[in-house]
There are 4 protein chains.
Amino acid sequence: MAHYASRMKVTLVAHTPEPELACALAAKTCHAAKMPKGGMTREGMKRMLDIVISSGHTSVLEHASFTFAIEGVSRSLTHQLVRHRMASYSQQSQRHVKLKDFEYVIPPKIAGNPKASNMFRDEMARLSKVYGQLAEMGMPLEDARYVLPNAATSNIVVTMNARSLHNFFELRTCLRAQWEIRKLANLMLKEVQKTAPLLFEWAGPICKARGICLEGVTDCKFYQLYVKKKKSL
Amino acid sequence: MAHYASRMKVTLVAHTPEPELACALAAKTCHAAKMPKGGMTREGMKRMLDIVISSGHTSVLEHASFTFAIEGVSRSLTHQLVRHRMASYSQQSQRHVKLKDFEYVIPPKIAGNPKASNMFRDEMARLSKVYGQLAEMGMPLEDARYVLPNAATSNIVVTMNARSLHNFFELRTCLRAQWEIRKLANLMLKEVQKTAPLLFEWAGPICKARGICLEGVTDCKFYQLYVKKKKSL
Amino acid sequence: MAHYASRMKVTLVAHTPEPELACALAAKTCHAAKMPKGGMTREGMKRMLDIVISSGHTSVLEHASFTFAIEGVSRSLTHQLVRHRMASYSQQSQRHVKLKDFEYVIPPKIAGNPKASNMFRDEMARLSKVYGQLAEMGMPLEDARYVLPNAATSNIVVTMNARSLHNFFELRTCLRAQWEIRKLANLMLKEVQKTAPLLFEWAGPICKARGICLEGVTDCKFYQLYVKKKKSL
Amino acid sequence: MAHYASRMKVTLVAHTPEPELACALAAKTCHAAKMPKGGMTREGMKRMLDIVISSGHTSVLEHASFTFAIEGVSRSLTHQLVRHRMASYSQQSQRHVKLKDFEYVIPPKIAGNPKASNMFRDEMARLSKVYGQLAEMGMPLEDARYVLPNAATSNIVVTMNARSLHNFFELRTCLRAQWEIRKLANLMLKEVQKTAPLLFEWAGPICKARGICLEGVTDCKFYQLYVKKKKSL
């Protein structure tokens, strides 16, 4: 049973090849007399994508999609994650997979408090035992799992297109997002920025992406960094 | 802390007024030279809706929507439920709501086994205590909830249109669906059949609605009832 | 064959009863230990909805939906309209409905130029004749309609929830939107503001709704009105 | 100005690499204790995908997406096409692109009737002239296009995932579909069957895919081929 910090793992397992080109050509299609063919220079793509993204005409970003294998996240996280409906999910089933010695996520604040941490870990060990005993008594897995905690980890495959990812990052890399899903969002952002820098240069919390904070939290360090500094230039 | 049986509660809190008329008029619009106005006889509506539903032209059913207040369901259930993406959800937040003496759902097979039932109930009591102690130690609610079990109950407001409901019923009233969500689906179906019988007369498992079983389970009692009997007539 | 100005007609034919209450109760559900029941004062609803809308937590607005019967709009308009995917449509079929002496929309700038207007109207009369002749020669309606112009009018029933409407208004009441769909958006906005003022008080172009212009057109009269004036207060 | 037959062109410009593997691994994730890694044998993939598709558990097919460049289709077609909401579109804009000597689609039945064909072609030539004259008189392109016919061709980039494509093929390769969109669907199906045969072996009209005809047209040649013959084996 592992500590949370060592567990969350995000792998970009597949994506539209040349995702920047796919989106830039789609954008060009809207304004061209002939269907655009072949390549574009990196500069041409950058110019096109910068216009599209800054002006909010982001429907063309839907033509690039990204598939992530996500391991070792809590069921608390996945319950939040699957609320994003512009996405596709395949999640490990607690109805069908027996989780012996299940792994769990321990929140950092609990991990950092020895008394809380011990209490938490004891409870996880105990739940694992009870879950196993219910299964041994012949209770169906789909019923035994009712004792499993939110902290129990899950594996999930997620596909989102670049437009949906922008929205996901606006909401979930914000400092007001819950710590575990923010961590996931940051790992995903890092992956796609490596693969498609022109598509995700401006991705991040809404204050970075759009220069506004809908929550009105203007004293947060991101708002100071992304909005205040820019205005003072 | 209540037994599951007494807890699940489904209330139809709002719906499109005259939902059958809304859908029937929309269907008529597709084939009429003038925008159809005013009422239709019950027979006219029935004829129109029967054609639309049996022939699968169900997009017109999207014009009627239904809002349910759902109480006392487990987080196992809500995690499955929100995977239906053609729907709208507002769920009680475990980040923000303190659940003292939280309620829980106990699976019927566990409830029916005295030894399993005692073990399960003891564990629930214990988790409630641990959750409370973590909160008292200053751990944030959003972290303390990591110990809460799948069995913990939740409240959720759900809006689906009639087309999405048909799909939900096809999948979730099937005998192969998990017991708790099947129970929910049956309660929701009962509500909408009272309110809009013409829209939901044929709603139910896919064998009832479409005369097929994609899983190929032809010895199940629903298949026998809805497909075999009909064919023998 | 009518002048465009006399033709577009928008009727709100159905909507969630008490749409403001439906959304406000859903918002309350997220933060309450018990499922909220019964009514709320108008002030309570207003406070709740103002927070939800200004902070962008607009998923709760999905619980209220609105159905419009729209008559006398061009096929240019409906082709744009149905690109809004968070909505339901039932449109008059040109495959199945014979459009004798079809009606058409004439763009105001063409209507205001006598030479252009005559040319346009002559062509419409001619197309109507050709369409009729092709039908008489036994050509299927679904083929004869290939000669029909974008200007030909259509009837369409549209259902959108309040969240989707907000997005629609942000894009389509903007002065940069095409004139015909902007006209439609303004008529729809007027209807829902009468019915649910608390939900749509801040609805409108994105500069009004969010205080930003993604297109960077800061010299437009809406931006001046909604952003500049407010900042100078 | 070209005859329709020479014009429709469908190119598969991008797709998820190894689309069959992406979907098969996602399916495995649901039932595995560990996140599945690496490859699978062709046989293993086939077994997995056959189960998934035949049993209707097709959400895993959403992880593979396909992008098509579509040229030379009518606006009648694109207006139908974009009604499929589980897809992404970037279409040539008639507001912004000047279509001099615009191309058009001529329906085969009209093309095959000399009198109808001449009348149709004359009208297209005339509309092209009127459109050009309105533009020369200073009318905005977005207004001049109101005279353009449904037959005018358009370019569009479309991205759909494999699940959405299955649904598209069920509806649009059916013999009851309109001839132009059926032609498009068949060209798209041919492309994806070359690229991902295991995903699309059973794709086609719903009688082929599911063994039923919701329209009840059991004397059609596809029903005879796909349902009757199979049953008699």
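**Group meeting: salt bridges and the B–C contact**

Okay, let's start with D:Glu62, which counts as buried at 8% relative accessibility (buried is under 20% relative accessible area, exposed over 50%, partly exposed in between, with a 1.4 Å probe and protein chains only). Before I go on, this is a predicted model, where local features need pLDDT of at least 70, side-chain atom pairs count only at pLDDT 80 or more, and totals for chains, interfaces and linings use all residues. Residues are numbered from 1 along each chain as its sequence is written, chains are lettered from A and ligands numbered from 1 in the order written, and side-chain values use heavy atoms, with hydrogens and water left out.

So who does D:Glu62 pair with? D:Glu62 makes a salt bridge with D:Arg163, closest N and O atoms 2.6 Å apart (that's a side-chain nitrogen of Lys or Arg within 4 Å of a carboxyl oxygen of Asp or Glu). The two are 101 residues apart: D:Glu62 sits in the loop between helix H2 (42–54) and strand E2 (65–74) of chain D, and D:Arg163 in helix H7 (residues 162–172). Helices (H or I, at least four residues) and strands (E, at least two) are DSSP runs, numbered from the N terminus. D:Arg163 itself is partly exposed, at 30%.

Over in chain C, C:Glu62 and C:Arg163 also meet in a salt bridge, 2.6 Å from N to O.

Then there's a pair across chains: A:Glu62 and C:Arg85, at 2.7 Å, N to O. A:Glu62 is buried at 7%, while C:Arg85 is partly exposed at 22%. Over all chains, the rule gives 44 salt bridges.

Now for chains B and C. You can lay B on C with an RMSD of 0.0 Å by a turn of 180° and a shift of 0.0 Å along the axis, superposing by least squares on C-alpha atoms of residues with pLDDT of at least 70 in both. The two copies are thus related as by a two-fold rotation axis. In chain B, the C-alpha nearest that axis belongs to B:Thr16, 2.5 Å away.

How many residues does each chain bring to the contact? It's 36 from chain B and 36 from chain C, contact meaning heavy atoms within 4.5 Å. Also, 100% of chain B's interface residues are interface residues in chain C too, so the copies meet through the same surface.

Last bit: two salt bridges cross that interface. C:Glu71 and B:Lys37 meet in a salt bridge at 3.0 Å, N to O.
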